[in-house]
Amino acid sequence: MPRASGSYRVFNIANHIAVGALALLCLLPLMNILAISFSDRTATSAGFVSFWPVNPTLAAYEYVLEDKGFLRALSISVFRVIMGGTINLVLTLLCAYPLSRESHSFRARTLYVWFFLFSSLFSGGLIPTYMVVRSTGLINSLFALVIPCAVPIFHIILLMNYFRSVPREIEEAARIDGAGHWKMLVSVLTPISKASIATVTLFSLVNHWNSWFDGMIYANDVNMHPLATFLHNKVVQSGLDILINTSDMETLNRLMKVSDQTTKAAQIFLAMIPILCVYPFLQKYFAKGIIIGSVKG
Amino acid sequence: MPGRKKRTGPSAAKRNLPLHLMLLPGILIVFVYNYLPMGGLVMAFQQYKPTRGLLGSAWVGLQNFRLLLSFPNTKQVVLNTLIIATSKLVLGLIVPVVFALLLDEIRSRRFVRSVQTIVYLPYFLSWVILGGIFFNILSPSTGIINRILEMVGLPTQYFLGDNQHFRWVLVLTDIWKTFGYGSIIYLAALTSIDSTLYEAAAIDGANRFRQVLVVTLPGISSIVFVMAVLSLGNILNAGFDQVLNMYSPQVYQTGDILDTFIYRIGLQQAQYSLSTAVGFFRSVISFLMISISYFLAYRYGNYRIF
């Protein structure tokens with residue numbers, strides 16, 4: 001450690017302040033939405049809410065948690081995360097293992113790698129993809145949310161690179177013990193790659209939770225929308241729309257009491273909770289994961 | 001078996017059969033949902049009619065492209081895409097590097113770890129959520145930013161509805177979301193710099209600032225180069241998710257990008273051929289840019305994807 005000069009000490013203090021301020025800048029918008037969601041409607045619409053709830057109330061949450069549309073969207077999201085995450089994981093393992101073999105013993109490897117890589121570099125674009133999804137009968141089906149995105153190319157490459165970094169002796173020993181390819185994948189490589197597998201799995205769970213566009217274009221029926229799509233509709237839809245389309249008086253009255261803004265804030269915050277819950281685990285793994293997978297040498 | 005080479009184990013083909021079987025489901029899905037749509041790109045050269053299908057629709061050559069060029073807003077959309085994407089590329093490179101350098105100077109592990117925990121988080125939140133959050137913050141009537149502007153006596157701004165501000169809002173909120181995550185790779189490069197280099201520089205009389213100049217910056221320059229080159233592949237990627245969650249007809253002039261344009265004319269106006277023509281242009285240019293960037297990173301940055 002070099003001796004700190006006077007000017008370095010000044011820099012050091014300024015640096016702590018600057019870095020701390022940047023971190024605060026990342027946190028404040030999230031605190032703002034949290035404060036709005038717990039605030040009273042009148043305070044919110046007068047613009048008095050900053051980072052702490054004004055006249056705290058649970059009205060918005062009570063309203064949202066009774067909203068059938070919200071709960072239905074939530075259940076679709078849960079389905080999609082579990083189903084989609086499982087499919088992604090299985091296919092990632094199944095593809096990463098063969099692609100991690102040596103080209104001289106598995107001749108077709110190079111061809112397969114390019115097959116996958118090219119599919120991530122070039123795309124048919126929105127309309128042709130939509131038409132293929134339609135002609136495979138997935139429109140208005142929940143499978144449209146998990147099948148077209150079933151093969152995560154980036155995750156496969158990441159795990160393939162990890163498998164290739166496993167010491168050769170481990171595989172040799174297993175082969176001498178008579179392990180075939182299936183046994184090698186399931187009982188040798190999978191257990192020692194837990195950290196990498198956890199990384200890609202968490203990433204695919206987050207992706208599924210966050211995806212909204214496929215839900216919007218592949219389902220004409222709003223009752224089939226996952227939570228992210230449901231929220232997107234709410235965000236772009238003006239509060240006026242809701243008032244016009246609501247015919248029954250009771251709902252209308254409740255809407256008047258709970259401002260649209262606090263409702264949206266509560267929905268946004270509820271949608272953030274699962275991410276916040278997996279985030280500690282995510283953070284534990286991803287730094288290592290993306291570096292092994294993306295840039296070597 | 002006659003004619004078969006003498007071997008102790010099963011033949012290579014038989015040995016590798018499980019490998020092909022493992023790949024089969026993935027190959028099938030990628031073929032159907034990634035490769036078949038590429039064939040659908042021929043729609044760009046047709047007058048596609050859903051009733052007549054891909055094989056029955058009339059061929060019109062480049063007519064769709066000519067028609068698009070005659071639209072006044074096509075040029076604007078391409079321009080918007082380039083401006084927004086380039087701004088994001090440049091700031092998205094500089095901010096994470098500077099942030100990583102600053103964070104690396106801080107010795108308190110606890111402080112560093114807390115800061116990291118906070119700044120990586122926005123990356124994992126979707127633009128649906130962040131769009132909703134920024135709608136609130138930037139709202140002209142109730143948003144906190146405008147309340148602050150009011151307090152210090154400045155005029156309030158309609159950030160999301162004003163063509164003067166909209167691109168800046170897109171670029172800055174995108175940097176806000178990604179700079180922390182983007183800094184991870186540089187932080188890793190910084191920690192892998194050989195500490196004896198610093199000691200040697202100190203013995204030569206270099207102070208802390210000089211050490212950054214002669215040790216730290218050269219130490220991360222190759223990774224910065226690779227990331228800069230790779231980001232070229234995103235030159236037409238202005239951020240579809242973000243724009244679709246934050247824009248409105250008032251800001252189409254400055255905020256409409258290729259992807260939102262493709263979406264609107266394709267799925268909302270059902271102009272399949274026109275939309276696919278724009279998509280064709282976007283896919284081809286993007287493919288070229290990504291290939292070039294990978295090649296440059298491979299050739300000059302020692303970067304390997306696999």
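Partly exposed means a relative accessible area between the 20% limit for buried and the 50% limit for exposed. The exercises below use a predicted model.

**Exercise 1. Classify L17(B) and place it on the surface.**

Task: Decide whether L17(B) is buried, partly exposed or exposed, and find the patch it belongs to.

Solution.
- Step 1. Take the relative accessibility of L17(B), which is 48%.
- Step 2. Compare it with the cut-offs: buried is under 20% and exposed is over 50%. L17(B) therefore counts as partly exposed.
- Step 3. Locate the residue. L17(B) sits in helix 1 of chain B.
- Step 4. Find its partners. L17(B), L21(B), L24(B), L28(B) and W182(A) make up a nonpolar surface patch. Together they have about 490 Å² of accessible area.
- Step 5. Name the main contributor. Helix 1 of chain B, residues 12-39, gives the most to this patch, with 4 residues.

**Exercise 2. Describe chain A as a whole.**

Task: State the secondary structure, burial, contact range and surface make-up of chain A.

Solution.
- Step 1. Count the elements. Chain A has 15 helices and 0 strands.
- Step 2. Check burial. Chain A has 297 residues, and 51% of them count as buried.
- Step 3. Look at contacts between residues at least 6 apart in sequence. In chain A, 70% of these join residues at least 24 apart.
- Step 4. Turn to the surface. Chain A exposes about 13,900 Å². Carbon and sulfur atoms supply 66% of that area.

**Exercise 3. Compare the settings of F154(A) and N88(A).**

Task: Give the helix of each residue and its exposure class.

Solution.
- Step 1. Place F154(A). This residue lies in helix 7 of chain A, residues 153-164.
- Step 2. Classify F154(A). Its relative accessible area is 47%, so it is partly exposed.
- Step 3. Add a distance. F154(A) and L30(A) are 124 residues apart along the chain, and 29 Å separates their C-alpha atoms.
- Step 4. Place N88(A). This residue belongs to helix 4 of chain A, residues 68-99.
- Step 5. Classify N88(A). A relative accessible area of 4% makes it buried.
- Step 6. List the neighbours of N88(A), leaving out residues up to four places away in sequence. They are C149(A), A150(A), V151(A), P152(A), S204(A) and H208(A).

**Exercise 4. Search for disulfides.**

Task: Find how many disulfides the structure holds, then inspect C95(A) and C277(A).

Solution.
- Step 1. Recall the chemistry: a disulfide is a covalent bond between the sulfur atoms of two cysteines.
- Step 2. Run the search over all chains. The result is 0 disulfides.
- Step 3. Inspect C95(A). Its nearest cysteine sulfur belongs to C149(A) and is 14 Å away. The cut-off is 2.5 Å, and C95(A) is in no disulfide.
- Step 4. Inspect C277(A). Its nearest cysteine sulfur, in C26(A), is 20 Å away, and C277(A) is in no disulfide.
- Step 5. Note the burial of C95(A). The residue has 0% relative accessibility, so it counts as buried.

**Exercise 5. Trace the salt bridges.**

Task: Report how many salt bridges there are over all chains, and analyse the pairs E171(A)–R101(A), E105(B)–R208(B) and R264(B)–D256(B).

Solution.
- Step 1. Take the total. There are 8 salt bridges over all chains.
- Step 2. Analyse the pair in chain A. The closest N and O atoms of E171(A) and R101(A) are 2.8 Å apart. E171(A) is in helix 8 and R101(A) in the loop between helix 4 and helix 5, so the pair ties together parts 70 residues apart in sequence. Both residues are buried.
- Step 3. Extend to the network. Salt bridges link R101(A), E171(A), E172(A) and R175(A).
- Step 4. Go to chain B. E105(B) and R208(B) form a salt bridge, with 3.2 Å from N to O. E105(B) is in the loop between helix 4 and helix 5, R208(B) is in helix 10, and the two are 103 residues apart.
- Step 5. Check burial. E105(B) is buried at 6% relative accessibility, and R208(B) is buried at 10%.
- Step 6. Finish with R264(B) and D256(B). Their salt bridge spans 2.6 Å from N to O, and both residues are buried.

**Exercise 6. Characterise the interface.**

Task: Describe the interface of chain A and chain B by contacts, buried area and salt bridges.

Solution.
- Step 1. Count contacts. 103 residues of chain A are in contact with 84 residues of chain B.
- Step 2. Take the area. The two chains bury about 8,600 Å² between them, with 77% of it on carbon and sulfur atoms.
- Step 3. Check for charge pairing. The rule finds 0 salt bridges across this interface.

Notes: Residues numbered from 1 in each chain as written. Chains lettered and ligands numbered in written order. Predicted model: local features only at pLDDT ≥ 70, side-chain atom pairs only at ≥ 80, totals over all residues. Heavy atoms only, no water. Buried < 20%, exposed > 50% of the residue type's maximum accessible area, 1.4 Å probe, protein only. Contact = heavy atoms within 4.5 Å. Areas by Shrake-Rupley, 256 points an atom, 1.4 Å probe, with all protein chains shown as cover. Patch = residues over 30% accessible without salt bridge, like charges linked within 9 Å, V, L, I, M, F, W, Y side chains within 5 Å. Salt bridge = Lys/Arg side-chain N within 4 Å of Asp/Glu carboxyl O. Buried area = accessible area lost by both parts, 1.4 Å probe.
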